[in-house]
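The following paragraphs walk through a single protein chain, one part after another. Please keep the sequence and the coordinates at hand while reading.

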Amino acid sequence: MPHFVIDCSENVLKLNSPEKTLLTVHQCATKSGLFDESDIKVRLNPFKENYIVGGKQQDFIHVFSNIMEGRTTDQKNQLSKLIIKELKVIFPTIGFIAVNIRDFEKSTYFNKTMV
């Protein structure tokens, strides 16, 4: 925990390396001070087809952030802004970059070390 899943158009991979994109989001999560660095997980899902942005196929990045409940709205707001700010730097030509944060409930989250 946390998980950051980056959906993007495949062309994004040509504008910057997947590693740079993954590391940028990872570094933002680390810089936020909300998580232990060793717990941060970041994945990237490029879409070659089967997507539409604003009625047409154009480049996009959307980061779905799933974190354990307990952070304040302000903390989540600052994390979202930090990720957007850094992605805008490395992808200045992408017109649609977004982030959303969802909370996991402690009572329903388990991993293999917990059972």
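Val89 is found in helix α3 of this predicted model. Val89 has a relative accessible area of 57% and is therefore exposed, since the cut-off for that class is over 50%. Ser9 lies 80 residues from Val89 in sequence, and the two C-alpha atoms are 17 Å apart in space. Val89 shares its face of the helix, the one turned away from the buried side, with the exposed residues Thr73, Asp74, Lys85 and Lys88.

Helix α3 itself covers residues 73-90. With 18 residues at 1.5 Å a residue, α3 should span 26 Å, and its end C-alpha atoms are indeed 26 Å apart, so the expected and computed spans agree. Which residues of α3 are buried? They are Lys76, Leu79, Ser80, Leu82, Ile83, Leu87 and Ile90. Viewed down the axis of α3, these buried residues fall within an arc of 160°, which means that they line one face of the helix. The general geometry behind such a pattern is that an α-helix has 3.6 residues a turn, so residues three or four places apart point the same way. The cover over the buried residues of α3 includes strand β1 (3-9), helix α2 (18-31), strand β3 (60-68) and strand β4 (96-104).

The buried side of α3 leads on to the nonpolar core. The largest such core holds 24 residues, and those with the most contacts inside it are Phe4, Phe35, Ile61, Val63, Ile83, Leu87 and Phe91. Two or more core residues come from each of β1, α2, β3, α3 and β4. Helix α3 gives the largest share, 5 residues. Phe91 can serve as an example of a core member: leaving aside residues up to four places away in sequence, Phe91 touches Val12, Leu15, Asn16, Thr21, Ile61 and Ile97.

Thr24 gives a view of the packing between two helices. Thr24 is placed in helix α2, and with a relative accessible area of 8% this residue is buried, because that value is under 20%. Beyond residues up to four places away in sequence, Thr24 touches Glu86, Leu87 and Ile90. Thr24 and Glu86 are 62 residues apart in sequence, yet their C-alpha atoms are 7.0 Å apart.

Ser65 is another buried position, this time in strand β3. Its relative accessibility is 0%, so Ser65 counts as buried. Apart from residues up to four places away in sequence, Ser65 touches His3, Phe4, Ile83, Val99, Asn100, Ile101 and Arg102.

How many salt bridges does the structure hold? The count is 1, and the pair is Lys76 with Asp103, whose closest N and O atoms are 2.8 Å apart. This pair links distant parts of the chain, with Lys76 in helix α3 and Asp103 in strand β4, 27 residues apart. The two partners fall into separate accessibility classes: Lys76, at 17%, counts as buried, whereas Asp103, at 38%, is partly exposed.

The cysteines form no such link, as the count of disulfides comes to 0. Why is Cys8 not bonded to Cys28? The cysteine sulfur closest to that of Cys8 is in Cys28, and it is 16 Å away, too far for a bond; a disulfide would need the sulfur atoms within 2.5 Å. The relation holds from the other side too, as the closest cysteine sulfur to that of Cys28 is in Cys8, at 16 Å. Both residues are in the interior class: Cys8 is buried with a relative accessible area of 1%, and Cys28 counts as buried at 2%.

Two backbone details remain. The peptide bond from Met1 to Pro2 is cis, with omega near 0°, and Pro2 is placed in the segment before β1. Asn50 lies in the loop between β2 (41-47) and β3. Phi of Asn50 is near 65°, a positive value in a residue other than glycine. At 72% relative accessibility, Asn50 counts as exposed.

Technical notes:
Residues numbered from 1 in each chain as written. Predicted model: local features only at pLDDT ≥ 70, side-chain atom pairs only at ≥ 80, totals over all residues. Heavy atoms only, no water. Helix = DSSP H or I, 4+ residues; strand = E, 2+ residues; numbered from the N terminus. Expected span 1.5 Å × (residues − 1). Buried < 20%, exposed > 50% of the residue type's maximum accessible area, 1.4 Å probe, protein only. Arc of directions from axis to C-beta. Contact = heavy atoms within 4.5 Å. Core = buried A, V, L, I, M, F, W, Y, C linked by side-chain atoms within 4.5 Å. Salt bridge = Lys/Arg side-chain N within 4 Å of Asp/Glu carboxyl O.
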